[in-house]
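Trainee: Could you take one local spot in this model, look at it closely, and then place it within the rest of the chain?

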Amino acid sequence: MNDEGPDEHDAHLFDDDGNDCVACPACGKQILAVAPVCHRCKAQFVGEAWEGHVVGRPAIGLPNWVIGTAVVVVIAFILWAVL
C-alpha cells in the first residue's frame, strides 16, 4: 500500500474525463478511486478502492439516534396505553 498518494500506476484514473471515482466494492457508493478506506461504509481495501479487494468491513448496526427514537416511541405508546 502506498501511503504517499497516487502513483504512476494510478495515472489512468485522473485522465481528462473527470472520472476519478469508482463504486465502493462493499457498499456501491461513489468514492475516490485511490481511497484506501470508504468514507461511507468504512470498508478497508488491499491497495486502493479501484482494485476492488475488500479487507474488512465494520459491523452494520443501527445508528444511536434510531435506537433512541424507537425507545422514546415505545415508552410514549406504553404511557398512552396505560393512561
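Mentor: Take K42, which is partly exposed, with a relative accessibility of 46%. The label applies because values from 20% to 50% fall between buried and exposed. Bear in mind that this is a predicted model. K42 sits in the loop that joins strand 2 (30-32) to strand 3 (44-45). Its backbone is the reason to look here: the phi angle of K42 is near 65°, so a residue that is not glycine has a positive value. For background, most residues other than glycine have a negative phi.

The loop after that one, between strand 3 and strand 4, holds E51. E51 is also partly exposed, at 32% relative accessible area. Although 18 residues separate E51 from A33 along the chain, their C-alpha atoms are 8.4 Å apart.

Now the wider frame. The protein has four strands and one helix, and the order along the sequence is β-β-β-β-α. Of its 83 residues, 16% count as buried. Among contacts with a separation of 6 or more, 20% join residues that are 24 or more positions apart. The accessible surface of the protein comes to about 6,300 Å², with 62% of it supplied by carbon and sulfur atoms.

Confidence should be read alongside this. The mean pLDDT of the protein is 75, and 63% of the residues score at least 70. Helix 1 has the highest confidence, with a mean of 90, while strand 4 (residues 54-56) has the lowest, at 69.

That leads to the helix, which covers residues 64-82 and includes W80. W80 is exposed, since its relative accessibility of 65% is over the 50% cut-off. F77 is exposed as well, at 53%. A search of the whole structure turns up one aromatic pair. It is made by F77 and W80, whose ring centres are 5.8 Å apart and whose planes meet at 35°, a tilted arrangement. The pair counts as tilted because the angle is neither under 30 degrees, as for stacked rings, nor over 60, as for edge-to-face ones. The two residues are three positions apart in helix 1, so about one helical turn separates them.

F77 and W80 also belong to a nonpolar surface patch, together with I67, V71, V74, I75, I78, L79, V82 and L83. The accessible area of these residues together is about 1,100 Å².

To return to the starting point: K42 is a loop residue between strand 2 and strand 3, with a positive phi and a partly exposed position. W80, by contrast, lies in helix 1 and counts as exposed.

Conventions:
Residues are numbered from 1 along each chain as its sequence is written. This is a predicted model: local features need pLDDT of at least 70, side-chain atom pairs count only at pLDDT 80 or more; totals for chains, interfaces and linings use all residues. Side-chain values use heavy atoms; hydrogens and water are left out. Patches are made of residues with over 30% relative accessible area and no salt bridge: like charges are joined within 9 Å, nonpolar side chains (Val, Leu, Ile, Met, Phe, Trp, Tyr) within 5 Å. Accessible areas come from the Shrake-Rupley method with a 1.4 Å probe; for residues, only the protein chains shown count as cover. A salt bridge is a side-chain nitrogen of Lys or Arg within 4 Å of a carboxyl oxygen of Asp or Glu. Buried means under 20% relative accessible area, exposed over 50%, partly exposed in between (1.4 Å probe, protein chains only). Contact means heavy atoms within 4.5 Å. pLDDT is the predictor's confidence in each residue, from 0 to 100. Rings of Phe, Tyr and Trp (its six-membered ring) pair if their centres lie within 6.5 Å; planes under 30 degrees apart count as stacked, over 60 as edge-to-face and the rest as tilted.
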